[in-house]
Each structure stands twice: as structure tokens, then as C-alpha cells.
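User: I would like to understand how the terms used to describe a protein model are justified. Please set each value against its definition as we go.

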Amino acid sequence: MAWQRPSCIVQSMQSLRLRPLRSSASPLSPTPTPFLLRSQKGNACGYATETSSDSSVQGAPATAPPATVPAAPAIDFDRFPYRPARIVPASPSYFSGSPKFIDHLLRLQNLLAENAHLPINSPAHAQRKAWLKLPQFREFVGEPVPTKKYKSLIKVLQRINRIRQPIIPDHVNAIINEYVRPGNPYAVKPAPPTLDEMGRARGRGKRKTSSAVVHLVEGEGEVLVNGRTLSEAFPREHDRESVVWPLSITERLDKYNVWATVKGGGTTGQAEAITLALARALLVHEPGLKPALRKAGTITVDARRVERKKPGHLKARKKPAWVKR
């Protein structure tokens with residue numbers, strides 16, 4: 001410290017220096033008042049940096065310099081490089097609860113803002129990609145990301161993925177592919193069905209518990225179901241119309257021959273299963289008929305759809321008859 005209290009040795013030496021002054025004084029000189037003594041005592045308390053020149057003022061001999069503490073060396077400010085008032089973190093989300101996730105989100109939002117002017121596809125025609133699942137994304141980021149925040153990031157990814165593929169920049173594709181889980185099931189597409197060596201197209205269809213397989217080949221309009229004619233297999237006219245409905249709406253009744261194999265369920269379920277299988281086989285021959293078949297409702301039935309019976313009901317949606325008790 002720059003200021004230090006005088007020790008007992010220093011105080012005793014100062015008292016010895018004051019005695020010759022009082023003895024050498026003349027008898028007519030007044031005695032020093034307590035105020036002067038106090039001022040002299042106060043002057044004796046010097047700084048640690050005082051030099052030996054102070055002793056001549058107090059009348060001490062030059063051969064006995066007072067005990068002093070050496071002064072601290074001067075500070076060299078040139079040794080210290082320039083530093084800011086506070087350290088600024090590299091990430092703007094450093095002080096947030098989940099900085100790594102917010103960094104990913106800001107990165108994607110900036111990417112979307114840079115490419116917002118590019119034309120996009122509709123959600124139905126966008127390229128399908130299997131994004132990282134929530135546990136995989138948490139492991140990828142290294143933070144316990146909540147489900148709500150994860151869904152907000154997936155929405156930004158889906159919006160970027162809607163940019164048309166021919167004009168999307170390569171670095172954008174590289175960034176969004178980082179969030180695609182390995183083994184993307186949408187990347188591997190099955191080979192489109194083709195005609196066999198005999199010129200036949202094969203189609204499968206299901207309805208309720210009925211399943212059908214149809215082989216379609218160019219011919220004169222013959223239809224066989226399980227080796228029987230159409231009228232023998234389906235006595236009802238409505239079922240026969242359902243079977244050949246894809247050929248009827250496309251005006252192809254006299255252009256193809258149909259061999260169908262169906263099993264399970266009732267007659268209505270079997271007829272509708274053949275309808276779906278025949279429409280799929282017809283698309284192998286003529287893919288351009290898809291809009292007409294879709295508009296007619298022949299290829300909109302999901303093959304995995306099975307009508308579920310509700311508990312307590314006799315059939316799918318039929319309640320039991322009310323009985324008065």
C-alpha cells in the first residue's frame with residue numbers, strides 16, 4: 001500500500017529528533033503548544049515515498065537517514081493490449097436456455113429469408129424427406145429440445161424444401177440434408193410397374209376383407225372372374241358395373257381383356273376390390289389416364305383401409321334395435 005502507519009521504532013526516532021530542538025531553544029522562547037506538537041507529530045507521519053531531504057527540515061543529522069519503504073515501480077500501460085469493455089460471445093443466443101437449438105433455428109430462418117424470392121411448389125408436389133425424429137434431433141443438437149420448439153424448426157425446413165428443385169441452390173440442399181435422418185425411406189422409390197413378356201399388366205386391390213389380383217392385356221373386352229364370366233360371378237347388375245367401371249369411364253371396354261382372381265368378403269367387397277386392381281393395371285398400360293381415374297374415384301381407395309366395427313354395434317355403423325323393456 002502507498003500509505004503506511006509509522007511503526008514504534010520510527011516514532012521513537014522522531015521523538016529523539018524533537019528533543020534537541022527544545023533544548024537548544026532560548027529560555028525566553030515560549031514552549032511549544034500542544035497544537036504545534038500535534039502538527040509536528042502529524043508531519044512526522046510521512047508517505048512511504050518520502051526521501052531523505054525531509055530530515056533536513058526537521059533538523060536531523062545527514063548521517064542518519066530515516067527508514068523508508070521503497071516506492072512501487074510505475075505501471076507500464078504499453079504492455080496491456082487493447083481489450084473491449086466486456087467480452088462479446090460469438091453466438092447471439094449464448095445467454096439463452098438452449099443456445100445450440102436457437103443457433104440452428106436462426107441459421108434456417110436466415111437461409112429462408114435469403115431464398116424467399118424463389119418459386120415454390122405446393123405441399124403435395126414438394127419432394128418428400130424424412131426429417132430427424134425428436135430423439136435423433138436432441139442427440140444431434142446435444143440439448144433437451146422441447147417438442148413445440150422442434151415442430152417450429154420442422155416447419156421452417158418444410159418451407160425451404162418447397163423450393164423448386166431445378167433452381168434451388170446447392171448449398172441450400174446441403175444444409176437441409178443435414179436434418180434428414182439416415183436411410184431416408186422417401187429417397188428410395190420402387191420401380192414403376194411394367195408389362196411382362198406377354199404384354200400383361202398386373203394390379204392388386206383390397207376392399208374390407210376382400211383382395212383381388214387383375215391381369216390386363218389388350219383384347220376384345222372379355223372379362224373372367226375366378227374362371228367364370230362376369231354375369232356368373234356377380235348376379236347383381238350394380239356389382240358388374242362396379243367391376244368394369246374403370247374401363248367404362250375411359251371408354252376402353254372393347255380394348256382390353258381382364259382376368260381377375262378375388263377372394264374373401266362378400267360380393268360387394270369383391271367387386272370394389274376388382275375395381276381398384278383393374279384401375280391400377282390400366283395405369284400401367286396408359287399412365288395418362290390417371291386424372292380421369294382419380295376424378296371417377298377408382299384409385300382413391302387406400303389398399304390398407306379396413307372398415308372398423310364400433311364396439312356395441314351390430315355392423316360397422318348400425319346400432320342395435322331399441323327394445324322396450
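User: What span does α11 reach from its first C-alpha to its last, and how does that compare with what is expected at 1.5 Å a residue?

Analyst: This is a predicted model, in which local features need pLDDT of at least 70 and side-chain atom pairs count only at pLDDT 80 or more, while totals for chains, interfaces and linings use all residues. Residues are numbered from 1 along each chain as its sequence is written, and side-chain values use heavy atoms, with hydrogens and water left out. As for α11, it has 19 residues and reaches 27 Å, close to the 27 Å expected, where the expected span is 1.5 Å times one less than the number of residues. The name follows from counting DSSP runs from the N terminus, with helices being H or I runs of at least four residues and strands being E runs of at least two.

User: What makes α11 count as largely enclosed by the rest of the structure?

Analyst: The term to apply is buried, which means under 20% relative accessible area, whereas exposed means over 50% and partly exposed lies in between, with a 1.4 Å probe and protein chains only. In α11, 15 of the 19 residues are buried, and therefore the helix is called largely enclosed. In the chain of 325 residues, 29% count as buried.

User: Why is V223 called buried?

Analyst: Its relative accessibility is 15%, and the cut-off is under 20%, so V223 meets the definition. V223 lies in strand β3, residues 223-225. Leaving aside neighbours within four places in sequence, V223 is in contact (heavy atoms within 4.5 Å) with R228, T229, L230, V244 and V258.

User: Why are β1 and β4 said to stand at the edges of the sheet?

Analyst: The five strands form an open sheet with mixed pairing, in the order β1-β2-β5-β3-β4. Two strands pair if DSSP finds at least two bridges between them; β1 (201-207) and β4 (228-229) each have a single partner strand, so one side of each is left without a neighbour in the sheet. β1 pairs with β2 (residues 210-218) in the antiparallel sense over seven bridges, and A201 has L216 in β2 as its bridge partner. Helix α11 (residues 267-285) packs on this sheet, touching β1, β2, β3 and β5.

User: Why is the pair of F101 and F137 called edge-to-face?

Analyst: The structure holds five aromatic pairs, where rings of Phe, Tyr and Trp (its six-membered ring) pair if their centres lie within 6.5 Å, and planes under 30 degrees apart count as stacked, over 60 as edge-to-face and the rest as tilted. The rings of F101 and F137 have centres 6.2 Å apart and planes at 90 degrees, so the pair is edge-to-face. F101 lies in helix α4 and F137 in helix α5, so the pair ties together parts that are 36 residues apart in sequence.

User: Which kind of pair do F137 and F140 form, and is F140 buried or exposed?

Analyst: F137 and F140 form a tilted pair, 6.5 Å centre to centre with 40 degrees between the planes. Being three residues apart in α5, they are separated by about one helical turn. F137, at 1% relative accessibility, counts as buried, whereas F140, at 37%, is neither and is called partly exposed. Together with F101, Y150 and Y179, F137 and F140 form one aromatic cluster.

Technical notes: Axes fitted to C-alpha atoms, helices over the stretch in contact; angles between N-to-C directions.
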